[in-house]
Amino acid sequence: MDLKRRHSPNSSYCNKSGYKRHRTDYSEMAKAKHQRLPESASRRRPDVLSSRREHYERDFPVYKQPVEVGSFSLDAERRFFNDGRQMRYYVEPDKNPNFNLRDGYRDRFVKRDDSVKERLDHMLRWILANKAKLASSNATGTSCLLDHDFVTWRGHLTKLLTTPYETREGWLLAATKFRGTVYISEVETEAAQRDRENREERHEEMMYWGYKFEQYACSDDVHGLPNPSGVVNTNEAFCTVVQTRLADHKLLFSGEVDCRDKDPNAPAPPACYVELKTSAEICTPKQRSNFLRFKLLKWWAQSFLPGVPRVVAGFRDHDGVVISTETFLISKMSHLIKNEYNCWKPTVCMNFCSDFLSFVKSVVTEDNPNVVYLFSWEPRTDVRYSIHRDSSYSFLPPWYVEGMASGS
């Protein structure tokens, strides 16, 4: 049943081929002007959305228990497979494991090319492969209409949840409406592009550490053991696809999963999934406060959305050695922050996300995959948008548009 939650909103839910993209044309964005709509529509459509926290201090919105409707895998060459071949199984580490996260960085590391912007492509491939079971009961003839208001990546929704508390990084989200469903795909900001192109070597290595921790804590076989002497290849991924509803928004989104509980009696996905994280060891009260206020927010948002119940964290020293591990239950995270002054609140996060999706619905009116509504936000500002027709921002590929119109 659907219930509005007033207390401990994260304790439970209500019943409950990549291709290179051309460099972003930021001058196009700057020159874009809103397209003229009928006068009645333009009067109804808001121009901005506030991101101020106090505007979202209200009851926790209805959020249905996420249901896994499928999954897919990406192999060592980033090829899509409509199956679970890349699933890994969690092997609980010792409490003080002394994992060396630097091991293999120089000689056993294949890094995905993060300059290749895959947009929604892998998820779109999954939709085409499974469109028969996703089709709305309102679909007629050979047309396939999804019974969802939004299709996106989990990571994009995570950005929205954390927006009211974000103080450093802005974002750009492109939205396009096709056959009644709004697709949302991230666009790299100029600042993010600069950071990516100018990362220091230490930063690159620390990004590797997170993947290495996964290698220490996961096996490829349900009865196997981890193999930390193997190659870390960040092209490989297993992704869940879930559907849920936030307020009156029906969502279909996908996100990468680190591993699952290998206990045969574990609950069905997504409740059997485990998220793995690394973080600097906590030695002072100030460090603990910063961990709770900033890092824990992102961990909560990332796992709460798809219904992943726990995060296993490896706390490392400056040299990249994991000296301790700790399990954090998503349902208990709000209790950990209750004594932190002016800390993040799950209700603010979810209400902002819900209101943003309502804002998108009110703005994205033209059903045309060649029309993109670009939503932009920078810390301490409102969310704004511009409209782009037949531009480099278009992200639904012809093979998807044609595939959704085909009866095959």
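Two strands are taken as paired if DSSP finds at least two bridges between them. In this predicted model, strand β13 (residues 259-261) and strand β14 (residues 273-280) pair in the antiparallel sense over 2 bridges. Arg260 stands opposite Tyr273 in β14. The loop between β13 and β14 contains Pro270, and a cis peptide bond with an omega of about 5° joins Pro269 and Pro270.

**The sheet of 7 strands**

Strands β13 and β14 belong to an open sheet of 7 strands with mixed pairing, in the order β4-β16-β15-β14-β13-β3-β9. Its edge strands are β4 (99-100) and β9 (218-219), each of which pairs on one side only. Helix α7 (residues 201-217) packs on this sheet and touches β3 (89-90), β4, β9, β14, β15 (310-316) and β16 (321-329). The direction of α7 makes about 135° with that of β14. Helix α8 (residues 285-304) lies across β14, β15 and β16, and runs at about 160° to β14.

**Helix α8 and its contacts**

Helix α8 also meets helix α5 (residues 154-162): their axes come within 9 Å and cross at roughly 135°. That angle makes α5 oblique to α8. The crossing of the two helices is right-handed. On the α5 side the contact is made by Arg154, Thr158, Leu161 and Thr162, and on the α8 side by Leu297, Lys298, Trp300, Ala301 and Gln302. Sorted by class, the contact of α5 with α8 has 4 nonpolar, 3 polar and 2 charged residues.

Trp300, one of the α8 residues in that contact, also takes part in an aromatic pair. The ring centres of Trp300 and Phe304 are 5.0 Å apart and their planes are at 20°; because planes under 30 degrees apart count as stacked, this pair is stacked. Both residues lie in helix α8, 4 residues apart, which is about one turn of the helix. For the model, the count comes to 27 aromatic pairs.

**The sheet of 9 strands**

A further open sheet has 9 strands in the order β2-β1-β11-β12-β6-β8-β7-β17-β18, again with mixed pairing. The strands β2 (80-81) and β18 (384-389) stand at its edges with a single partner strand each, so one side of each is left without a neighbour in the sheet. At the β18 edge, the partner is found in β17 (residues 371-377), which pairs with β18 in the antiparallel sense over 6 bridges. Within this pairing, Val371 has Arg389 of β18 as its bridge partner.

Towards the β2 edge, Arg78 is placed in the loop between β1 (67-74) and β2. Its phi is near 70°, a positive value in a residue other than glycine.

**Helices α3 and α11**

The axes of helix α3 (residues 121-129) and helix α11 (residues 398-405) come within 10 Å and cross at roughly 20°. Angles under 35 degrees count as roughly parallel, and α3 and α11 are therefore roughly parallel to each other. Their crossing is left-handed. In the contact, Asp121, Leu124, Arg125, Ile127 and Leu128 of α3 meet Trp399, Tyr400, Gly403 and Met404 of α11. These residues divide into 6 nonpolar, 1 polar and 2 charged.

The axis values for the two helix pairs are set out below.

| Helix pair | Axes come within | Crossing angle |
|---|---|---|
| α5 and α8 | 9 Å | roughly 135° |
| α3 and α11 | 10 Å | roughly 20° |

Definitions and conventions: Residues numbered from 1 in each chain as written. Predicted model: local features only at pLDDT ≥ 70, side-chain atom pairs only at ≥ 80, totals over all residues. Heavy atoms only, no water. Contact = heavy atoms within 4.5 Å. Axes fitted to C-alpha atoms, helices over the stretch in contact; angles between N-to-C directions. Parallel < 35°, antiparallel > 145°, perpendicular 65-115°, else oblique. Left-handed = near helix turned anticlockwise from the far one by under 90°. Nonpolar A, V, L, I, M, F, W, Y, C, P; charged D, E, K, R; others polar. Phe/Tyr/Trp six-rings, centres within 6.5 Å; stacked < 30°, edge-to-face > 60°.
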